[in-house]
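Me: Please take one part of this model and examine it closely for a first-year student. I should like the account to begin with that part and then to place it within its surroundings.

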Amino acid sequence: MAKSQVQFTKDNEYYTPKEFVEMFGQFDYDPATTKEKAQEFGVENYDTIETDGLKQDWTQYERIWINPPFTIKHEFLKKAWETYQICKRSGKLIHIYILFPIEFITTARFHNSVGGGKLFIPNGRINFESGLGKKGKSPAFGSVVMKIQDTWEVEMIKIK
């Protein structure tokens, strides 16, 4: 079976550690979080699985952090790129950061969803916190954070 066909159904809730997110600054919106995580991170505006951030207007915010459910990461990336383009046309500066598995950047789905970005590649794997209450550990795959922008850049970052 091809990797793109794999469905991760046991635990689609993995939370980024606060220390990692803070490397990229403070954010005023997160379209894919929980009330508890939004409060922990000091994000006043957020959406949960119940309020569905994909159906909301992101253009009213200036700094957006997204750790999407990895099973629908492409939908969040597409919405992030569309939001960036809308804001750019209106002259509004917006900063959108999205985290996903590094392997995703080698797919046609990724390349067909976005036209530029700054990729922040960590020197190790992120220890996510499990939504099932399990102790966080490094996943079997690497992660990357991308800041949506017009041109392509890569920056290596140190997390350990």
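Reply: A helix here is a DSSP run of type H or I with at least four residues, a strand is a run of type E with at least two, and both are numbered from the N terminus. The model under discussion is predicted. With these terms in hand, the part chosen for a close look is Phe41, which belongs to helix 2 (residues 35-41).

Is Phe41 buried or exposed? A residue is called buried when its relative accessible area is under 20%. The value for Phe41 is 17%, and therefore Phe41 counts as buried.

The partners of Phe41 come next. If neighbours within four places in sequence are set aside, Phe41 is in contact with Thr16, Pro17, Lys18, Val21 and Gln26. Glu19 offers a distance for the same region: Phe41 and Glu19 are 22 residues apart along the chain, and 9.5 Å separates their C-alpha atoms.

Phe41 also borders an enclosed space. The count of cavities of 30 Å³ or more comes to one, and the largest cavity holds about 70 Å³ of space. Besides Phe41, its lining consists of Lys18, Val21, Glu22, Gly25, Gln26, Phe27, Asp30, Val43 and Trp65. Sorted by class, this lining has five nonpolar, two polar and three charged residues. Lys18, Val21 and Gln26 thus appear twice, as contacts of Phe41 and as lining residues of the cavity.

Another contact of Phe41, Pro17, lines the second largest pocket, as do Glu19, Phe20, Met23, Arg125, Ile126, Asn127, Ile159 and Lys160. About 170 Å³ of space lies in this pocket. Its lining has five nonpolar, one polar and three charged residues.

Several residues named above lead on to the aromatic rings. Phe27 and Trp65, from the cavity lining, and Phe20, from the pocket lining, are linked by ring pairs with Phe24, Tyr97 and Phe120 into a cluster. Across the whole structure, 15 aromatic pairs are found. One of them joins Phe24 and Phe120, which are edge-to-face, with 5.1 Å from centre to centre and 75° between the planes. Phe24 lies in the loop between helix 1 (18-21) and strand 2 (29-30), whereas Phe120 lies in strand 6 (residues 117-122), so this pair ties together parts that are 96 residues apart in sequence. Phe24 and Phe120 are both buried. Phe100 and Phe104 give a further example: their ring centres are 5.2 Å apart and their planes stand at 80°, so this pair is edge-to-face as well. Both Phe100 and Phe104 are buried.

Finally, the chain as a whole supplies the setting. The protein chain has four helices and nine strands, arranged along the sequence as β-α-β-α-β-β-α-β-α-β-β-β-β. Of its 160 residues, 46% are buried. Among contacts between residues at least 6 apart in sequence, 72% join residues at least 24 apart.

A word on confidence is also needed. The chain has an average pLDDT of 87, and 85% of the residues score at least 70. Over residues 1-10, however, the pLDDT is below 50, and this stretch has four contacts in the model beyond near neighbours in sequence. Where pLDDT is low, predicted coordinates should not be read in detail.

Technical notes: Residues numbered from 1 in each chain as written. Predicted model: local features only at pLDDT ≥ 70, side-chain atom pairs only at ≥ 80, totals over all residues. Heavy atoms only, no water. 1 Å grid on protein atoms, 1.4 Å probe; cavity = no way out; pocket = protein on both sides within 12 Å on 5 of 7 lines; lining within 4 Å. Points joined across faces, edges and corners; volume = space filled by probe spheres on them. Nonpolar A, V, L, I, M, F, W, Y, C, P; charged D, E, K, R; others polar. pLDDT = per-residue confidence, 0-100. Contact = heavy atoms within 4.5 Å. Phe/Tyr/Trp six-rings, centres within 6.5 Å; stacked < 30°, edge-to-face > 60°. Buried < 20%, exposed > 50% of the residue type's maximum accessible area, 1.4 Å probe, protein only.
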